[in-house]
Structure formats: structure tokens, C-alpha cells
Amino acid sequence: MSRSRPPATPAASRTVARAFGFTRLIVELGVLSSFAFSLALFIAAIFQAYYTIGDAFRHLGEANTTKHLLVAAVEQADTLLVGMALLIISLGLQALFIGQLRNVPAWLHVRTFDDLKQKLIGVVITALAVNFFAVALEWTGGTEILTYGAAVAAVILAVGAYSVVLRGQAPAQVEEGRPDEGAHP
């Protein structure tokens, strides 16, 4: 004959609640560190733009000034995209684990982990394309760019296919009111 367990004591219940509450603090540290890196990248991009544009004005009319400015602009876009990805991670984790933020644009509202993944996938694909564009601008000839381009294209295709699969699963489950049982954070 099996005995049923006695109900959990209030002290044990509070201990478990505190332990899970501590995980929110850990996530909050992740939110803050992601936000700090995002902020640092945005500030670095601003300073880099300031110095690069100043240098370009001092060398107006020289042969490579325009190309140098173009490469710097594309590299800045890449830096800003990575900063934006970190900001999206920060805001998304905040929304999922801590609580929704006010005054966030509608496109940044994250309700599920799949929402966060979809937003990041778009930024990652764009960042990869911009990064390849920066490499292509500095390309001086040779075939090594083909290998690099094929690798970037393969990653973009794989991430794009994953995004299509993700989009195909989420709406049906949201409409039925069921959580995404197959999703793993």
C-alpha cells in the first residue's frame, strides 16, 4: 500500500519560491549585461563615425577617401546591428522573465520565446549580409571571397529556413491557446 505524501509545508513552499525568485535576479543580470554591451557598441559606433568623418573631410579629394568612408559606413551599420541584436535580447528577456516594459515600440513587444527568436533571426540575417558587403567592398581579387560568400549564404539559408519553420508552428498554437510545447529556451 502506498502512502500519499503530506502537503508541502509553508516553509518549504516559501523556500522553493525564493529559489525561483533568485532565477529572476540571474536573468536580470543577463538583461543588464546585454544592455550594457548594446550601449557600448552604440557609443563606440558614434565615436567611430565622428573620427572617420572628420578624417574624411581632412582628406577630401584623395583617391581612396570615398571608398574608406563607404567601408567605414558599412562597418558601422554592422556594429549597430549587433548592438541592436543585444538590445532586442535585453528587452526580450526583460519582457519574458521580469515584466513588459512600457514605451517600447509595438514591433519590439515579446510575448513568447519564439517571438524573441524571430526578431533576432531578422537582425542576424541582416548583419551577416552587411558583413559580407563590407568584405566585398574591400575585396582586391582572388577566389577566397567565393568561399566566404558561400559560407555566409549557407548560414543565411539555414537561419531563413529555421525562421520559416518557426513561423509555421507558432500561429496554430497561439490560435488554439496552447503554449509551444516543443520550444526549448
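Student: Why is Phe 132 called partly exposed?

Tutor: Its relative accessible area is 27%. Buried means under 20% and exposed over 50%, with partly exposed in between (1.4 Å probe, protein chains only). So Phe 132 is partly exposed. This is a predicted model: local features need pLDDT of at least 70, side-chain atom pairs count only at pLDDT 80 or more, and totals for chains, interfaces and linings use all residues. Residues are numbered from 1 along each chain as its sequence is written, and side-chain values use heavy atoms, leaving out hydrogens and water.

Student: What makes Tyr 148 partly exposed?

Tutor: A relative accessible area of 32%. That falls between the two limits, so Tyr 148 is partly exposed.

Student: How do you know that Tyr 50 and Tyr 51 are edge-to-face?

Tutor: Rings of Phe, Tyr and Trp (its six-membered ring) pair if their centres lie within 6.5 Å; planes under 30 degrees apart are stacked, over 60 edge-to-face, the rest tilted. The count comes to two aromatic pairs. Tyr 50 and Tyr 51 show 5.3 Å centre to centre and 75° between the planes. Therefore the pair is edge-to-face. Both Tyr 50 and Tyr 51 are exposed.

Student: Why is the pair of Phe 132 and Tyr 148 called stacked?

Tutor: The centres are 6.0 Å apart, with 25° between the planes. So Phe 132 and Tyr 148 pair, and the pair is stacked.

Student: What does this pair tie together?

Tutor: Phe 132 lies in helix 3 (residues 113-137) and Tyr 148 in helix 4 (residues 144-176), so parts 16 residues apart in sequence are tied together. Helices (H or I, at least four residues) are DSSP runs, numbered from the N terminus.

How values were computed
Helices (H or I, at least four residues) and strands (E, at least two) are DSSP runs, numbered from the N terminus.
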